[in-house]
Amino acid sequence: MRRLFQRMVVLAAMMALVAGCGGAEQQQTGGQQQETQQQTEQTQAPSTPELILATTTSTQDTGLLDVLIPIFEEKTGYTVKTVAVGTGQALKLGENGEADVLLVHAPDSEVPLVESGVAINRQLVMHNDFIIIGPASDPAGVKSATTAVEGLKKIAEAGATFVSRGDDSGTDKKEKALWKEANIDPKEQEWYQETGQGMGATITVANEKLAYTLSDRGTYLAQKKNIDLEIVLEGDAPLLNIYHVMQVNPEKYPMVNGDGAKAFVEFMVSDETQQIIKDFGVDTYGEPLFFPDAGKAEEDLTSGK
Amino acid sequence: MLSSGDAELVRVTLLTLRVAGTATLLSVVVGIPLGVLLALARWPGRNFIISLVNMGMGTPPVVAGLVVSILLWRSGPLGRLRLIYTPTAMIIAQFIIALPLVTGYTLAGIGQLNPKLHDQILALGASRWQLFWLLIREARLSLLAAVIGGFGGVISEVGASTMVGGNILGRTRVLTTATVMEVSKGNFDIAIALSLILMLLIWLVTYALTRLQQGGRPR
């Protein structure tokens, strides 16, 4: 008898849980229907309206996506769910088929994805560059360095604090590659600190600690008004920051929205979008944050600069 | 975010209320009966379940978020429902956070009532349902504290909402996730404004609940 009662309690609790979730679902379905209806009024609604875009924090933190996504949605009728994470995580989402389309900036990690058939239709979108920022007093003398590798060597020699993203993002991957090229293993070093956070948050930390860090130019310009750090090194060819857009292969993952992803790739490399990218940020920062590159070859970028 | 106008802000605020409100409501519907049941039940294993509830009261939102994410990802067991990055996903995660809070507070509140009351009500010939309602009425101060506790727990969390909601503009962006984002963008002024709105919202809701809680009290 007791056991029966026990079981009934457990059963009742489980049923209540399921009922609770079910209620929420119904509500959601209602919401979706409404959304779909609204869409039908605007444009011809695509068969699968939901499109998940996995991208980097830098495209969100600069505000570029807030400009581009509404235009894309209005044109095509898709609803874009933008998940802004580090490039490492964005690529992982693609690899697991959790995202439909990727906008990322770590070419060395992207190529294996294309080769293994996870990603298709990979297209060059735009570039900007990475910069090393640090305190104006420049205790490590990075300003006198001509290359990024030389700059990092000076920081290591001086034991000056360097704040790293440490989040496997595109910027983090670039930084790690530069340390490797400099033949320095900064891990475990007293002066090397990892935040595990996005670029904006990492710049804030570096600013408070009067430390050096590697940043993309866009996020730095967006943060400039809050910080005392300044650019100590820029313009070295390896510091180029290249963004590609690519579809997650719908043949490999049946749940992936292939049509929507294709439309998004086409949108990103279209003339109109490229013009918006070119003008973006000029009125706020006095200089562009990104340079459009659609149709160019990646080799032209790296050799040209 | 504020640059896109007040409409966006209103939308984020309303979504915050809708998600936290629904999650709290569901957790109250489930948690209060569960808490009463656990308080009255006398069988082995009861203490074990209570210890689970008490542990659940300390569930870190990110843990709830991670569990719900794993379930709802396309590759996960419930992936077909396509719920990840929707307000529903956030409601489910927040429900998991709030349920132990509501259950635990209810359990404590009912447990504090004089045990003789229970016997007396039954002796007067009350049915089980009548017993349930009388106890709830008797413990209403604690039960409203349970509601306030559950609501406070979910409206202030950010980890689970970010993970299962994705902080998507116009869809799953709530006040807490927007605040984190604005801080990382370096827009501290906007972040402070959002925090103030959030605090005001919490105050308004808890004030209403407090009125309800203290209203029936003899002065």
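How many residues of domain 1 of chain A are in contact with domain 2 of chain A? Let me start there, since you have the structure up in front of you. And a reminder before I go on: this is a predicted model.

So, the count. On the domain 1 side of chain A there are 19 residues, and they are in contact with 17 residues of domain 2. If you want to find the two domains, domain 1 is made of two stretches, 50-128 and 241-304. Domain 2 covers 130-239. Take the centres of the two domains over their C-alpha atoms, and they sit 25 Å apart.

What does the domain 1 side of that contact consist of? Two elements of chain A give two or more residues to it, namely α2 (57-61) and α4 (87-95). The largest share comes from α2(A), with 3 residues. By class, the domain 1 side divides into 5 nonpolar, 13 polar and 1 charged. Keep that split in mind when we get to the helix pairs.

A few words on chain A as a whole. I get 13 helices and 10 strands. Chain A has 305 residues, and 45% of them count as buried. Now take the contacts in chain A with a separation of 6 or more: 75% of those come from residues 24 or more positions apart.

One residue in chain A to click on is E298(A). You'll find E298(A) in helix α13, residues 298-304. Is E298(A) buried or exposed? Somewhere in between: E298(A) is partly exposed, because there are 15 other C-beta atoms within 10 Å, where a buried residue would need 20 or more and an exposed one would have 12 or fewer. Leaving out residues up to four places away in sequence, E298(A) touches P107(A), L124(A) and I242(A). As for V269(A), which is 29 residues from E298(A) along the chain, the two C-alpha atoms are separated by 14 Å.

Okay, on to chain B. Here we have 10 helices and 0 strands, so if you read the elements from the N terminus, you just get α-α-α-α-α-α-α-α-α-α. The C-alpha trace of chain B spans about 65 × 50 × 25 Å along its principal axes. Of its 219 residues, 43% are buried. And for contacts in chain B between residues at least 6 apart in sequence, 76% join residues at least 24 apart.

I picked two helix pairs in chain B. Pair one is α3, residues 61-72, against α4, residues 87-112. Their axes are 9 Å apart and the helices pack at an angle of about 135°. That angle is why α3(B) is called oblique to α4(B). The crossing of α3(B) past α4(B) is right-handed. On the α3(B) side, the contact uses P61(B), A64(B), G65(B), V68(B) and L72(B). Facing them from α4(B) are A89(B), I92(B), A93(B), I96(B) and I97(B). Class by class, that contact has 9 nonpolar, 1 polar and no charged residues.

Pair two is α9, residues 175-185, with α10, residues 188-215, also in chain B. What is the angle between α9(B) and α10(B)? About 160°, with the axes 8 Å apart, and that makes α9(B) roughly antiparallel to α10(B). This time the crossing is left-handed. From α9(B), the contact has L175(B), T176(B), A178(B), T179(B), E182(B) and V183(B). From α10(B), the contact residues are F188(B), I190(B), A191(B), L194(B), S195(B), I197(B) and L198(B). The tally by class is 9 nonpolar, 3 polar and 1 charged.

Let me finish on one name from that list, I197(B), which lies in helix α10. I197(B) is partly exposed, because 17 other C-beta atoms lie within 10 Å. Set aside the neighbours within four places in sequence, and I197(B) is in contact with T13(B) and L175(B). L175(B) we've just met on the α9(B) side. T13(B) is 184 residues away from I197(B) along the chain, yet their C-alpha atoms are separated by 8.2 Å.

That's what I have, thanks.

Definitions and conventions: Residues are numbered from 1 along each chain as its sequence is written. Chains are lettered from A and ligands numbered from 1 in the order in which they are written. This is a predicted model: local features need pLDDT of at least 70, side-chain atom pairs count only at pLDDT 80 or more; totals for chains, interfaces and linings use all residues. Domain bounds come from an automatic or database domain assignment. Two residues are in contact if their C-beta atoms, placed from the backbone, lie within 7 Å. Helices (H or I, at least four residues) and strands (E, at least two) are DSSP runs, numbered from the N terminus. Ala, Val, Leu, Ile, Met, Phe, Trp, Tyr, Cys and Pro count as nonpolar, Asp, Glu, Lys and Arg as charged, and the others, Gly among them, as polar. Axes are lines fitted to C-alpha atoms, for helices over the stretch in contact, and angles run from 0 to 180 degrees between N-to-C directions. Angles under 35 degrees count as roughly parallel, over 145 as roughly antiparallel, 65 to 115 as roughly perpendicular and the rest as oblique. A crossing is left-handed if the near helix is turned anticlockwise from the far one by less than a right angle, and right-handed if clockwise.
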